[in-house]
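Work through the three exercises below with the model open. Each solution goes step by step.

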Amino acid sequence: TQGFNVVAHYLNATQSDLTAVVQVTMHIAPAGSVTQHAGVFFLNAVKQLYTQGIPANTTATVTASYTTTIPMQILYATGHTHRFTTSFTATEAGNQMYQTDSWDNSPTVAFSPAMTLPTGTNITWSCVIDNTTGSTITFGESAQTNEMCIFNGQYYPVPDGAMPTISVTK
């Protein structure tokens, strides 16, 4: 009843086939050594991109928010966007927690010590999208023709019996 998902994205900008390889090495932890479980958060701002998109030759900001339902210690975070996003920002309770202007090399920020977010903390993430094409841009898989605005990372502790993935689509 449990599992995991490994996702890798590749943009092949050439006419040649691309062979991608992903390798994962896992080790079983000794019995009793794990005292707290970590989980992941996946906050996806797609509503505006799905319902109306970003019109041709327009710059728009896509914004969404999530209020934490458990206390969280954020270990790391990153943004995921496509080529039309010129700026990605995430804040908690109005304080900046992540920012990048790079769509294809968004840094992963490690919080050391972990960032403490009490229950009820508002996380807001925004993408400034500059549609320089002659068509409306919508949410989709292609980094060349679509856009995404996703904030994700890892947190702990996952409460006993709770799902470790917080997946929010706004």
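Two strands pair if DSSP finds at least two bridges between them. Strands (E, at least two residues) are DSSP runs, numbered from the N terminus. The model is predicted: local features need pLDDT of at least 70, side-chain atom pairs count only at pLDDT 80 or more, and totals for chains, interfaces and linings use all residues. Residues are numbered from 1 along each chain as its sequence is written, and side-chain values use heavy atoms, with hydrogens and water left out.

**Exercise 1. Trace the order of the open four-stranded sheet and find its edges.**

Step 1. Start with E4 and E7. Seven bridges join them, and the two run antiparallel. Thr 85 stands opposite Ile 129 in E7.

Step 2. Go to the other partner of E7. E2 and E7 are antiparallel too, joined by ten bridges. Here Thr 67 has Asn 122 of E7 as its bridge partner.

Step 3. Add E5. Strand E4 (residues 85-92) pairs with E5 over five bridges, again antiparallel. Thr 91 has its bridge partner in E5, Gln 96.

Step 4. Assemble. The order is E2-E7-E4-E5, in an open sheet. E2 (58-67) and E5 (95-100) are the edge strands; each has a single partner, so one side of each lacks a neighbour in the sheet. From one strand to the next, the twist averages 15° (axes are lines fitted to C-alpha atoms; angles run from 0 to 180 degrees between N-to-C directions).

**Exercise 2. Locate the disulfide and describe its setting.**

Step 1. Search for cysteine sulfur atoms within 2.5 Å, the criterion for a disulfide. The whole structure yields one.

Step 2. Identify the pair. Cys 127 is joined to Cys 149, S to S 2.2 Å. Cys 127 lies in E7 (residues 122-131) and Cys 149 in E8 (residues 149-156); the pair is 22 residues apart and links distant parts of the chain.

Step 3. Check the geometry. The angle about the S-S bond is 95°, and the link is right-handed.

Step 4. Check burial (buried is under 20% relative accessible area, exposed over 50%, partly exposed in between; 1.4 Å probe, protein chains only). Both Cys 127 and Cys 149 are buried. Seven of the ten residues of E7 are buried, so this strand is largely enclosed by the rest of the structure.

**Exercise 3. Which residues touch the most other members of the largest nonpolar core?**

Step 1. Define the core: buried Ala, Val, Leu, Ile, Met, Phe, Trp, Tyr and Cys residues joined through side-chain atoms within 4.5 Å.

Step 2. Read off the residues. The core has 36 members; Phe 41, Ile 74, Trp 125 and Phe 151 touch the most others.

Step 3. Inspect Phe 41. Beyond its neighbours within four places in sequence, its contacts (heavy atoms within 4.5 Å) include Met 72, Ile 74, Phe 151 and Ile 166.
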